[in-house]
Amino acid sequence: TGSSRPQRLLKAVQRNAAKGDPQSVISAIDYFCRHSEWAMNVGDEKGSILDSVVSEVSPTTALELGTYCGYSTVRIARLLPPGASLITLEFNPDYAAVARQVIAHSGLQDKIHLVEGPSGDSIPKLKERFGITSLDFVFLDHWKDRYVPDTKLLEECGLLRKGSVLLADNVICPGAPEYLDYVRNNPRYESRYFQSHLEYTNVEDGLEKSVFLG
Ligand SMILES: CCNc1ncnc2c1ncn2[C@@H]1O[C@H](/C=C/CNC(=O)c2cc(-c3ccc(F)cc3)cc(O)c2O)[C@@H](O)[C@H]1O
Ligand SMILES: [Mg+2]
């Protein structure tokens with residue numbers, strides 16, 4: 001049995017990125033995905049929008065749904081202020097294993113908590129497990145039909161406060177129509193669409209930024 005795409009992506013990082021240099025890890029993955037094998041990382045174009053939102057929010061506590069290989073995990077963590085941390089949820093053990101090594105290569109492991117398991121199980125345990133009261137920033141990039149149920153779960157668990165920012169990937173491609181409907185027609189959210197392109201292509205895609213109003 002051969003290697004998987006995530007394993008080949010990890011090899012590319014280990015070969016081409018400087019240890020302890022998050023930007024070189026990001027560049028190595030983008031290069032691999034443009035020139036070797038496409039993979040479902042948020043990518044460099046949408047990644048710049050992610051960067052600007054994370055920098056603006058400057059979250060103390062951030063959550064990512066869907067780690068995959070850890071590309072956006074590293075993108076977010078590299079911008080966190082001192083003492084801040086990112087919790088990232090991943091239920092596929094093989095992807096989690098690759099992500100842990102990508103994160104280790106970047107040197108950002110002290111700012112990141114990777115929790116293995118389904119978000120539906122992990123979200124209700126976040127407060128007690130990490131001693132947090134609320135989330136300042138959430139990046140949604142897991143199964144698209146789980147964006148709405150998990151957003152509702154975050155609300156029900158009291159993890160969102162006035163001003164918490166949700167940023168959702170792929171609202172156009174593959175699409176998250178129920179999620180767009182939910183946040184755009186809900187008086188408890190102020191939503192804005194950032195038009196961009198599907199990672200490493202010229203297909204339209206974008207990010208939806210939604211501020212919870214409490
Ligand atoms: C069960 C729900 N809870 C979950 N809890 C924890 N981790 C979860 C969960 N769901 C999925 N995951 C993980 O998130 C990741 C899933 C991401 C799904 N993403 C996509 O399908 C996706 C797909 C595309 C895409 C776009 C165009 C194409 F032609 C083909 C693919 C682009 C993207 O940017 C995407 O994000 C995996 O690592 C998976 O194991
Ligand atoms: Mg995505």
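Here are some questions and answers about ligand 1 and a few local features in this predicted model.

Q: What makes the nitrogen of ligand 1 and the side chain of serine 119 a polar contact?
A: A nitrogen atom of ligand 1 is 2.9 Å from an N or O atom in the serine 119 side chain. The cut-off for such a pair is 3.5 Å, so this one counts.

Q: Which other residues make polar contacts with ligand 1, one through its backbone and one through its side chain?
A: Phenylalanine 91 does so through a polar backbone atom, 3.2 Å from a nitrogen atom of ligand 1. Glutamate 199 uses an N or O atom of its side chain, 2.5 Å from an oxygen atom of the ligand. As for cover, the protein hides 83% of the 810 Å² of accessible area that ligand 1 has on its own.

Q: Where does ligand 1 sit, and which elements give two or more residues to its shell?
A: Its space is the largest pocket. Strand S2 (85-90) and helix H9 (171-175) are the elements that each give two or more residues to the shell.

Q: How many residues surround ligand 1, and of what class are they?
A: There are 23 of them, with Glu90, Ser119, Asp141, Asn170 and Glu199 the closest. By class, that's 11 nonpolar, 6 polar and 6 charged.

Q: Why is the pair of tyrosine 68 and tyrosine 95 called edge-to-face?
A: This is one of 5 aromatic pairs in the structure. The ring centres are 5.0 Å apart and the planes stand at 90 degrees. Centres within 6.5 Å make a pair and planes over 60 degrees apart count as edge-to-face, so the name fits. The pair links distant parts of the chain, 27 residues apart: tyrosine 68 is in the loop between strand S1 (61-65) and helix H4 (71-77), and tyrosine 95 is in helix H5 (residues 93-106).

Q: What is the omega of the cis peptide bond between cysteine 173 and proline 174?
A: Omega is about 5 degrees there. Proline 174 lies in helix H9.

Q: What is the phi of serine 58, and where is this residue found?
A: Phi is positive, about 45 degrees, although serine 58 is not a glycine. Serine 58 is in the loop between helix H3 (43-57) and S1.

Note on methods
Residues are numbered from 1 along each chain as its sequence is written. Chains are lettered from A and ligands numbered from 1 in the order in which they are written. This is a predicted model: local features need pLDDT of at least 70, side-chain atom pairs count only at pLDDT 80 or more; totals for chains, interfaces and linings use all residues. Side-chain values use heavy atoms; hydrogens and water are left out. A residue is near a molecule or strand if one of its heavy atoms lies within 4 Å of it. A polar contact is a pair of N or O atoms within 3.5 Å; within protein, one must be able to donate a hydrogen and the other to accept it, and residues adjacent in sequence count only if both atoms are side-chain atoms. Accessible areas come from the Shrake-Rupley method with a 1.4 Å probe; for residues, only the protein chains shown count as cover. On a 1 Å grid over the protein atoms alone, a cavity is a set of points where a 1.4 Å probe fits but cannot get out, and a pocket is an open set with protein on both sides within 12 Å along at least five of seven lines; lining residues have an atom within 4 Å of a point. A molecule sits in a cavity or pocket if more than half of its atoms lie within 2 Å of its grid points. Helices (H or I, at least four residues) and strands (E, at least two) are DSSP runs, numbered from the N terminus. Ala, Val, Leu, Ile, Met, Phe, Trp, Tyr, Cys and Pro count as nonpolar, Asp, Glu, Lys and Arg as charged, and the others, Gly among them, as polar. Rings of Phe, Tyr and Trp (its six-membered ring) pair if their centres lie within 6.5 Å; planes under 30 degrees apart count as stacked, over 60 as edge-to-face and the rest as tilted.
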